[in-house]
Amino acid sequence: MRPSLTGPARTRLDARALYFVSYDGLVNTNSFQKHGLLTHGGHQYAVWYTAGREAVVARRGLGAAAWSAVTLPHRLKADDSHNVICMGVSPADGRLHLNLDSHSDGFHYVKSVAGLLDDPSGTAWGPSAFGAVQTTLDGLPLTDRFTYPQFLTTPEGRLQLAYRSGVSGNGRNALAEYDGSRWTALGEWSGATGTYTSAHGSSTARNMYLHGLDYDRHGRLHALFTWRERDPAVLADGGGLTNHDTGYVTSDDRGRTWRNDAGAVVGTTGGPDRVRVTGAGLVVDPLGPDHCLMNQESQCTDSAGRPHAIVSHLPVRLGPPAGGYAAARTAHARAHHLRKTSSGSWLKTEIPVPLRSSQRTRLVLDRHDNAYAVLPHGRIAAASAAGGYTDWTLLFDGAGLNAFGEVVVDETRIAADNVLSFMYQEKSAGTTPSPLYVADFALPT
């Protein structure tokens with residue numbers, strides 16, 4: 001079965017959603033949100049900030065046109081597009097969890113009443129469905145330098161929260177876990193120390209930027225990532241972003257122990273030995289810091305448990321960028337599909353569609369393992385598993401959307417009803433609010 005799209009069908013979430021541009025992005029549609037749009041139990045949930053800066057969570061039955069929104073007692077504290085809202089599901093008690101409004105500072109946390117997700121028609125949907133806004137996880141404080149929350153559910157039904165402790169260029173990845181009754185801090189698992197040397201200079205501090213954290217059908221946890229160095233001496237011209245290399249680790253014990261692609265232990269969560277830039281066998285796609293590599297792009301796993309990722313950068317054939325990071329990416333960058341084959345090797349294919357943007361691309365696979373790259377502005381390219389992912393073609397050019405740039409893809413919906421669904425916001429100017437939509441595309445059955 002070859003990839004195809006039917007649609008889009010669109011529904012509007014908000015006629016006047018909050019709009020300001022920072023870090024080349026919007027706070028409502030940063031594509032690294034996991035999950036800003038989520039499907040569970042026959043319903044789809046969305047989160048965003050209104051023009052009045054209120055945090056909102058909404059839901060609808062799958063396929064329904066109308067959304068029902070609940071305004072939470074929290075207002076966005078700063079014009080920072082990284083202060084996103086993310087959702088998670090704890091199957092053990094049927095709660096919806098939200099983490100919001102943080103960028104290297106304190107976070108805010110809200111959880112629903114128990115059973116809300118198990119019995120959506122029988123549980124009142126309104127402010128009473130959610131508890132108070134907290135600045136801890138039910139009393140667990142974590143860190144005062146918190147960024148990039150990601151919720152994921154373990155095969156046993158526990159809820160995990162991944163986050164960065166520290167700041168860009170000097171931060172560590174960490175995990176916390178909820179068992180249905182209480183949160184526990186598992187600890188940090190990546191390290192910031194060690195010396196990295198490029199052709200131009202060295203750096204002694206950094207942070208790991210995740211493309212995602214995903215459990216495959218066998219229960220293995222996968223993480224693809226890039227490194228960002230603190231010291232710009234590693235760059236040819238000293239400007240731009242210091243991202244380099246694509247690395248890969250896995251965990252077979254729910255994030256407690258980390259192994260490289262060869263299976264060797266390279267880090268333990270909460271222990272002194274962490275995944276570091278100097279670790280052996282971490283890099284699966286080497287790339288120096290002079291190619292405008294994007295961080296926090298995208299990953300997923302196929303039906304056989306093999307990892308796939310999107311990494312975007314300037315093609316190596318072009319050499320170091322000219323004119324600045326954002327301008328160079330907009331003019332020349334391409335998204336690349338990186339995947340592990342059945343033989344254990346890694347293959348990388350350039351997607352022959354200009355990005356025309358400095359921003360990120362999302363990757364999803366359908367039930368036939370066909371790959372769909374949701375490019376900036378809501379454009380969609382696809383390649384077939386049968387064709388070895390060598391036949392990338394643009395299936396939707398974003399016509400009629402007027403989408404600003406990055407979109408938030410519902411990673412969970414394809415399994416529910418075979419629909420590729422994403423949230424996007426219309427382009428605006430300055431701080432003028434603009435409409436926020438969800439677009440749905442039916443995939444091959």
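Two strands count as paired here if DSSP finds at least two bridges between them. The model is predicted.

**The sheet**

Under that rule, 4 strands make an open, antiparallel sheet, ordered 2-3-4-5. Strand 2 and strand 5 (68-75) take the edges. Each has a single partner strand, so one side of each has no neighbour in the sheet. From one strand to the next, the twist averages 20°. Strand 4 (residues 54-61) pairs with strand 5 over 5 bridges, in the antiparallel sense. Arginine 59 sits opposite serine 68 of strand 5.

**The pockets**

The two pockets are set out below.

| Pocket | Volume | Lining residues | Lining by class |
|---|---|---|---|
| Largest pocket | about 970 Å³ | 35 residues | 15 nonpolar, 11 polar, 9 charged residues |
| Second largest pocket | about 350 Å³ | 19 residues | 6 nonpolar, 8 polar, 5 charged residues |

Asp214, Tyr215, Glu411, Thr412 and Ala415 lie nearest the centre of the largest pocket. Several elements each give at least two residues to the lining of the largest pocket. Among them are strand 2 (37-40), strand 6 (85-90), strand 9 (146-153) and strand 16 (214-215). Strand 22 (298-301), strand 26 (362-365) and helix 2 (413-417) also each supply at least two. Strand 2 thus appears twice: at an edge of the sheet, and in the lining of the largest pocket.

In the second largest pocket, the lining residues closest to the centre are Tyr23, His82, Arg228, Leu241 and Arg360.

Key:
Residues are numbered from 1 along each chain as its sequence is written. This is a predicted model: local features need pLDDT of at least 70, side-chain atom pairs count only at pLDDT 80 or more; totals for chains, interfaces and linings use all residues. Side-chain values use heavy atoms; hydrogens and water are left out. On a 1 Å grid over the protein atoms alone, a cavity is a set of points where a 1.4 Å probe fits but cannot get out, and a pocket is an open set with protein on both sides within 12 Å along at least five of seven lines; lining residues have an atom within 4 Å of a point. Grid points are joined across faces, edges and corners, and a volume is the space filled by probe spheres set on the points. Ala, Val, Leu, Ile, Met, Phe, Trp, Tyr, Cys and Pro count as nonpolar, Asp, Glu, Lys and Arg as charged, and the others, Gly among them, as polar. Axes are lines fitted to C-alpha atoms, for helices over the stretch in contact, and angles run from 0 to 180 degrees between N-to-C directions.
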